[in-house]
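Here are my notes on the charged pairs in this model, set out as numbered points. Please read them with the structure open.

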Amino acid sequence: TPNINNLKFAFVGGARFKSVFNFVEVFAKNFPEHEFHFYGNPMIDADKYFELGRKFSNVHFHGPFKNPIELPKIYQCIDLVLSTYDTFYENVRYAEPNKLYEAIYFEIPIIVSKNTYLADKVKRLNVGFEINALDDDEIISFIRSLSVQMLNEKSQACAKIDKNKLININNNFFSNI
């Protein structure tokens, strides 16, 4: 059960979008009781990200990790996974990142960008939340609105999904080529 007074948010992978940076900056300034963890190193503007860690004691960097070997250990330590992307890039509006399947597999609610195919899927499956991570007020009201009941509901929705359906097996596809 998540501790609503000390939630652990994380970004797992190579952060490279303004929406991630903005979310973390707003989060760090306004919610010192909660923690934000980066697993993996930023792919662009690394100095800006690391400055957040120097400036705010609730932002932590864990560096590179072995994927997929270390994923169970990582997801066991977090309450929510951030997977927001900048929606002004057209491909982002239609992308379906692996983070969705990791979140479902490890039964951790996911936070995604509004107005995307991914957000529609997250809503339909009830496995996470959609926000505009470039809107400071929306980030603040989202985090304030979180409850143990909401987080448990999203985790339970993840748990109900057959894990075998999360694995991409391309045998038929490859045999046809």
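1. In this predicted model, the side chains of lysine 99 and glutamate 102 meet in a salt bridge, with an N to O distance of 2.9 Å. The two residues are three apart in helix 5, which places about one helical turn between lysine 99 and glutamate 102.

2. Are the partners in this pair buried or exposed? Lysine 99 counts as buried because its relative accessibility is 12%, under the 20% limit for that class, and glutamate 102, at 10%, counts as buried too.

3. The surroundings of this pair deserve a look, since helix 5 (residues 98-106) has Lys99, Leu100, Glu102, Ala103 and Ile104 as its buried residues. These buried residues pack against several elements, among them strand 1 (8-12), helix 3 (71-76) and helix 8 (148-159). Just after helix 5, glutamate 107 takes a positive phi of about 60°.

4. Another salt bridge joins the side chains of glutamate 51 and arginine 54, at 3.2 Å from N to O, and both residues lie in helix 2 (residues 46-55), three residues apart, or about one turn of the helix. Here glutamate 51 is partly exposed, with a relative accessible area of 37%, while arginine 54 counts as exposed at 59%.

5. Lysine 123 forms a salt bridge with glutamate 130, their closest N and O atoms being 3.4 Å apart, and Asp120, Lys123 and Glu130 are linked in a network of such bridges. Lysine 123 is partly exposed at 48%, and glutamate 130 is partly exposed at 25%.

6. For the structure as a whole, a search finds 10 salt bridges.

Definitions and conventions. Residues numbered from 1 in each chain as written. Predicted model: local features only at pLDDT ≥ 70, side-chain atom pairs only at ≥ 80, totals over all residues. Heavy atoms only, no water. Buried < 20%, exposed > 50% of the residue type's maximum accessible area, 1.4 Å probe, protein only. Helix = DSSP H or I, 4+ residues; strand = E, 2+ residues; numbered from the N terminus. Contact = heavy atoms within 4.5 Å. Salt bridge = Lys/Arg side-chain N within 4 Å of Asp/Glu carboxyl O.
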